[in-house]
Each structure stands twice: as C-alpha cells, then as structure tokens.
Amino acid sequence: MGRRSALLAAACRDISDILCAVRKSPFLVSLVAAAGILALQPLPTAAQTSPAAPSAPASPQPSASAGPVIVLDPAHGGTDTGAHGETAMEKDVVLQIARSVRAELERQGYRVFMTRNDDSNPSYDDRAAVANAYRDVIFISLHVASTGADGTVRAYYTQFATSNPPAPVAAAAGSPAAITRLSNLPAPALLAWVEAQRPYLNASHHLADLIQAELAQAFSGSPSAAGGVPVRALRSITAPAVAVEISSVSTPTPDLLTASAVPLADAIARAIVASRPAGAGVTR
Amino acid sequence: MPRAMKIVIGLLIVAVLIGLISFRSLHRRVQRLAELQTADEKARHEVLATPISTPTDVTVNAKIFWAAGSDRIAPVQMQLPLSADPVERSRQLLNELTVNPPTPGQRTIPADTALLGFYILPDGTAIADFSDALSSEMPSGILSEEMAVNSIARTLESNVPVLRRLKILIHGQEVDTLAGNVDLTGFFDLNPPAAPPAGKSHH
C-alpha cells in the first residue's frame, strides 16, 4: 500500500513537472490555446487565490526575482474599432493609454508586457496565451466605454453563471483515448480553456475591488466597488485578471482619456502592492 | 493631330458619356433602395410596436428595467397586460423593453432590435433569440453591454418567476460577445435561490 502511494505521488510529481514545462513555454501554451481545449495549469497557489491577509504591509517588498509580471491588454484593434465617438476610436485610445501606463509601471520597477503594441487585433486566446505564459502574472485589460460619466473609471472581474452546465472537455491530442487519459488526471490539474479563469475568481475579485477603491479616489464619481461582468477577454486567463474601462469615448475632450494613464498606472500599482500577501514582494 | 490620337480622344469622350449616364441611373437605383429600406424599417417598427395580446392577459404591476442615468439600470413600475403563459409573457415584456422606453435616454437596447424567438426549456432555461440589430447597433463597451444584458435579464427575472437562467442568441446563433466585450457563450442566472440564513453565511 505504501509503495503504491509512493508510486502515485511520483506519478503526480511527473505530471506536475510536465504541466509546468508546458506552461513555461509560450509556444506550447499557444499551441494548447490554438487547440482551444485545455488550459494546462496547476491550481493557483494560496497567494494567488486568497485575498491578502489584513496584516499585509502596504509598502512593497523589494525583490528582483519575485513577480508579478503585469500584462496590459489594450482591447480591440485592427478592424475591431471598439467604441467610437466623433473623433476617437477605442482601439487607438486604449493603445495610447496602455503605452503610457506601461511606461509609468516600468518606471516604478514592474515588468510589463502588452498583448499588442500596434493596430493588430490578436484573438482572445492569443491574448490569454501571453499572460498564461508567466507564473506570477497579473492581467489588466484596458477599455474605453461608450457610456458613463466622463472621467469616471470602472474595474471589472469576470463572472461565470453558477448554473452553467459543465463545459465539454476534449483532448488536446484529439483522440478518445487521450480524452480518457486526461480526464483521469487529478481533476484540479486540468482546466477547460474557456473557463480557465474560474479558480482565480476570488483573487480577481479582490484585486478588482482594490483597484476600484484606488480609482474612486483618483477619478471623482467612479464607483467604490468593482463590478462582476462576464467579460470575454478575462475568461481564459490563468491568473488574477481585471478589466478597467474609462468613460467615455464620446467625451468632447479626448485628452481627458489619455491624461488618465498616469493616475491609472498609480492606482493599479498601489492595488497590486495591497493585494500581495506578506512577503510575496513586488518587482521593484 | 494624328488619326490615332483623334480615335483615342473620341473613345474617351464616349466612355465618359456612358459613365455619366450609368452614374445617374446607378444613383437613382441607390436612392430607390434607400427608400425601400426606410419603408422596410417603418414596417418593422409597426410590427414591433404592435402589442402582443393573448386570451389570458391580465393587467398587472410589472417592473421593466431601463437605464437610470448613464451607468446603471433601475426598475420602472407600470401597469401592463401580461399573459399567464410564461413564453408569451416574456415576449410581451421584452417587446415593452425594446419599444417603449419612457424617454430615449432610458433605452438600453437598440431601437431596431426584434425578438425573433423565445423558448423555455423544462429546466427553466429561457432562450431569447434577437435580431442582428441587438449586436450590430449596440454601442461597444463593457458598461453599455452589461446594462443591455442586465435590463433583459432583470426584467424577465422580476416578472416571470419560473425562469432560472437565460441564454441570448443573435439571429439563431450563439455568438462570442454582444458587441465585443460581454460574453454571450454562457448563461445568465435568473431568480437565484434565496441566500442562506445570515448565521450560516461563509463570508
């Protein structure tokens, strides 16, 4: 019995190593994403799923090697213009804002990547694959609304309907045998790609609330709590993921939107620091 | 002037004349099509504006969720004749939501939106099939799309108690998002079970 347990434990370690190797390779992650099937991902660690302990320090813990990496996702792009006002289009405004937010966050010492840095429109899966390639990552999707009071900013975490039927699970290899094999793995090790965000909902909700609290101070009239909305861009992210939407693209003063980048970056940075459990550190 | 040049110039003049004549005819055709489209829209509006009535209609105090400002929805109480049949009742409510907002500013879904079909499965799943206009004429944005979906879901939830969840289709198809942001591949919960007593809450 003891030997059998040891063998099982060794097998689980091997599977975990394979999953980690796959996850560390952006190519393999993209390949899995392209298959549109599974997010091969170990369960989030306690630090990623649990809100920070109340005693967590408000100041960052300097650490060169600790995360998080921040992935900024300027929404839309290419032929998908997003919201559009008389003179501005969401896809252009969010790219401009994302570049400024990136510069500000990098100035503060964070490692920042963007899902697009030109007028392209990566698929949702491609955007998710950028974030899912990193172990300790925070995904921020940037949007500009077509409604809402000008100058207000909202943070959202995604939601899944509680009554959803279980998502069909197919095998990356595409064979029935592979389906059986993969289904027999420890359940928490495999996530349906389309619901990969599910184990991170609490962490995302917590981070979104922290960001929103900061936004409420920086942008007068913004709500005090984040909203839960099934945002498509967040569905397949295997990390804390938040969408931030600035109102609105129809403002008569578009400079108001781009001027929001620095306070927005500050709000995100402060919320990230507050969300980290004691000792987790930030890249500074 | 060489003869060949004269022929070329002559051909060019003929081509320009043909182009002008064709352009005028093309312009007239485009105008006619635009008029037809307007007439089509008028006819559609007339159809949409026609109230749905059933033999079991009873006037009740209904709650319809329209926009209350630029960033939230709120119920508006109104007396409406509603059917006892949940399918017809839902159609009547969604028709009211689309066609009769108290003011244009309270509209949450595009005016041209038509409800193409509405079904209820035995497990309480409602399937609402809307025309393309719901997606194509919806202003893109998380907030605007959330308000649209919530106005539909909360209106149904408040007036049709048998419904448990809602699936939104566009022209009979499942679509990825409403207008680029809000996920329509899943279901929206309606009438969630009552929260457990305060003493048993795990928060």
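In which hand does α7(A) pass α9(A) at their crossing? To answer that, let's walk through this predicted model, starting in chain A with the helix pair in question. The crossing of α7(A) over α9(A) turns out to be right-handed. Helix α7 covers residues 201–218 of chain A, and its axis comes within 8 Å of that of α9(A), with a crossing angle of roughly 140 degrees. You might be tempted to call that antiparallel, but the label is reserved for angles over 145 degrees, so α7(A) counts as oblique to α9(A).

Now look at who does the touching. From α7(A) come His206(A), Leu207(A), Leu210(A), Ile211(A), Glu214(A), Leu215(A) and Ala218(A). Facing them in α9(A) are Pro263(A), Asp266(A), Ala267(A), Ile268(A), Arg270(A), Ala271(A), Ala274(A) and Ser275(A). Sort this contact by class and you get 10 nonpolar, two polar and three charged residues.

Helix α9(A) has another partner to look at. The axis of α4 (residues 90–107 of chain A) also comes within 8 Å of the axis of α9 (residues 261–275 of chain A), and here the two cross at roughly 50 degrees. That angle makes α4(A) oblique to α9(A), and the crossing is right-handed. On the α4(A) side, the contact is built from Ile97(A), Ser100(A), Val101(A), Glu104(A) and Leu105(A). The α9(A) side brings in Ala261(A), Val262(A), Leu264(A), Ala265(A) and Ala269(A). By class, that comes to eight nonpolar residues, one polar and one charged.

While you're in chain A, a couple of backbone oddities are worth a stop. His76(A) isn't a glycine, yet it has a positive phi of about 60 degrees. You'll find His76(A) in the loop between β2 (69–74) and α4 of chain A. Is His76(A) buried or exposed? It counts as buried, because it has 26 C-beta neighbours inside 10 Å, and 20 or more is what it takes. The other oddity is a cis peptide bond between Ser247(A) and Ser248(A), where omega is about -20 degrees. Ser248(A) sits in the loop between β8 and α8 (255–258) of chain A.

Strand β8 also leads us over to the partner chain. The chain-to-chain contact involves 25 residues of chain A and 21 residues of chain B. Both β5 (153–157) and β8 (241–246) of chain A supply at least two residues each to the side that touches chain B. That side of chain A is a mix: 10 nonpolar, nine polar and six charged residues.

Cross over to chain B and you can trace four helices and six strands, which run α-β-β-α-β-β-α-α-β-β from the N terminus on. The domain assignment splits out domain 1 (1–50) and domain 2 (58–189), whose C-alpha centres lie 41 Å apart. Of the 203 residues in chain B, 31% are buried. Among chain B contacts with a separation of 6 or more, 67% link residues 24 or more positions apart.

Chain B has a positive-phi histidine to look at as well. His171(B) shows a phi near 50 degrees, and its place is in the loop between β5 (165–170) and β6 (188–189) of chain B. With 16 C-beta neighbours inside 10 Å, His171(B) counts as partly exposed.

How values were computed:
Residues are numbered from 1 along each chain as its sequence is written. Chains are lettered from A and ligands numbered from 1 in the order in which they are written. This is a predicted model: local features need pLDDT of at least 70, side-chain atom pairs count only at pLDDT 80 or more; totals for chains, interfaces and linings use all residues. Two residues are in contact if their C-beta atoms, placed from the backbone, lie within 7 Å. Ala, Val, Leu, Ile, Met, Phe, Trp, Tyr, Cys and Pro count as nonpolar, Asp, Glu, Lys and Arg as charged, and the others, Gly among them, as polar. Axes are lines fitted to C-alpha atoms, for helices over the stretch in contact, and angles run from 0 to 180 degrees between N-to-C directions. Angles under 35 degrees count as roughly parallel, over 145 as roughly antiparallel, 65 to 115 as roughly perpendicular and the rest as oblique. A crossing is left-handed if the near helix is turned anticlockwise from the far one by less than a right angle, and right-handed if clockwise. Domain bounds come from an automatic or database domain assignment. A residue is buried if 20 or more other C-beta atoms lie within 10 Å of its own, exposed if 12 or fewer, and partly exposed in between; C-beta atoms are placed from the backbone.
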